[in-house]
Amino acid sequence: MDPVELLKEKLLLACKIFQSQKLFDGFGHVTLRAAEDRILSTPKMPPGKVSMRDFIILNMEGEKLEGFGEPNGETPMHISIYRARPEVKCILHYHPDELIAASVVEQGVKVVANCGVFFYQGTPIFDSPSLIVTPALGDDLARVLAGHNSILLRGHGATVVSGDLDELVRLGINLVKNVRIQIMASVLGAPKAHSEAESRSIVELETQGNALRRFLDYYISETVD
Ligand SMILES: [Zn+2]
């Protein structure tokens with residue numbers, strides 16, 4: 001199979017998983033670095049509704065090279081992150097209610113559950129509700145993201161990055177799940193967060209053996225065509 005077609009299939013599955021978990025609304029986008037200077041992207045349409053024929057290919061200026069649909073307005077965010085972080089191979093941008101709620105309070109994301117341990121190094125908050133539609137805003141966001149794997153955009157949503165698409169799916173789901181638990185716990189009292197050492201030891205377990213595979217198998221099984 002053509003490698004690009006294979007990447008499209010993987011990206012399609014990721015989109016279906018996020019959609020089945022109700023993490024997408026009509027907006028949001030997922031991109032994948034298909035080659036040094038080629039980005040595979042969902043086009044300007046509800047990302048959970050894409051099919052193979054919808055994906056577009058962009059260059060590193062964010063210009064469309066192949067495909068029918070138009071690039072998303074926030075493509076500059078993806079481009080800036082890919083330029084700043086050579087190890088990043090895929091990016092998710094979405095707007096789950098839980099993450100927007102966490103983005104407007106000072107505490108941001110706290111690691112309160114084992115599903116949140118991947119975020120122990122912190123999730124910075126981009127302190128603006130602006131859509132990231134210019135290279136200057138994209139660069140600003142990439143600077144705040146720095147070396148982290150996630151960032152909240154105040155009153156807007158969140159962006160998650162990874163060097164691996166399977167891992168991106170796990171991070172995208174787990175960020176929301178952790179924050180949902182954080183919000184629930186906050187109603188009961190002040191949540192106790194994991195220490196860095198506690199988080200690290202669980203990350204170690206979760207990155208061994210078939211842990212990621214098992215995680216994905218469950219969510220793949222939950223997708224419906
Ligand atoms: Zn957005």
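**Figure 1. The whole chain, with 7 helices and 8 strands in the protein.** Helices (H or I, at least four residues) and strands (E, at least two) are DSSP runs numbered from the N terminus. This is a predicted model, so local features need pLDDT of at least 70 and side-chain atom pairs count only at pLDDT 80 or more, while totals for chains, interfaces and linings use all residues. Residues are numbered from 1 along each chain as its sequence is written. The C-alpha trace spans about 50 × 40 × 30 Å along its principal axes. For 225 residues, a compact globule would have a radius of gyration near 17 Å, and the chain agrees at 17 Å; that radius is taken over C-alpha atoms, and the globule rule is 2.2 Å times the number of residues to the power 0.38. Of the 225 residues, 40% count as buried, meaning 20 or more other C-beta atoms within 10 Å of the residue's own (12 or fewer is exposed, in between is partly exposed, and C-beta atoms are placed from the backbone).

**Figure 2. Close-up of helix H1, residues 3–20.** At 1.5 Å a residue, its 18 residues should span 26 Å, and the end C-alpha atoms are indeed 26 Å apart; the expected span is 1.5 Å times one less than the number of residues. The buried residues here are Leu7, Lys8, Leu11, Ala14, Cys15, Ile17 and Phe18. They pack against strands E1 (29–35), E2 (38–41) and E5 (90–94), plus helices H5 (165–188) and H7 (211–221). Contact means C-beta atoms, placed from the backbone, within 7 Å.

**Figure 3. H1 against H5, axes 10 Å apart.** The two helices pack at an angle of about 10 degrees, which makes H1 roughly parallel to H5. Lys10, Ala14, Ile17 and Phe18 of H1 meet Leu165, Leu168, Val169 and Gly172 of H5. By class, these residues split into 6 nonpolar, 1 polar and 1 charged. Axes are lines fitted to C-alpha atoms, for helices over the stretch in contact, with angles from 0 to 180 degrees between N-to-C directions. Under 35 degrees counts as roughly parallel, over 145 as roughly antiparallel, 65 to 115 as roughly perpendicular and the rest as oblique. Ala, Val, Leu, Ile, Met, Phe, Trp, Tyr, Cys and Pro count as nonpolar, Asp, Glu, Lys and Arg as charged, and the others, Gly among them, as polar.

**Figure 4. Lys22, in the loop between H1 and E1.** Not a glycine, Lys22 still has a positive phi of about 60 degrees. With 11 C-beta neighbours inside 10 Å, Lys22 counts as exposed.

**Figure 5. Ala146, in the loop between H4 (135–145) and E7 (150–153).** Phi of Ala146 is positive, near 45 degrees. Ala146 is exposed, with 12 other C-beta atoms within 10 Å.

Methods. Two residues are in contact if their C-beta atoms, placed from the backbone, lie within 7 Å.
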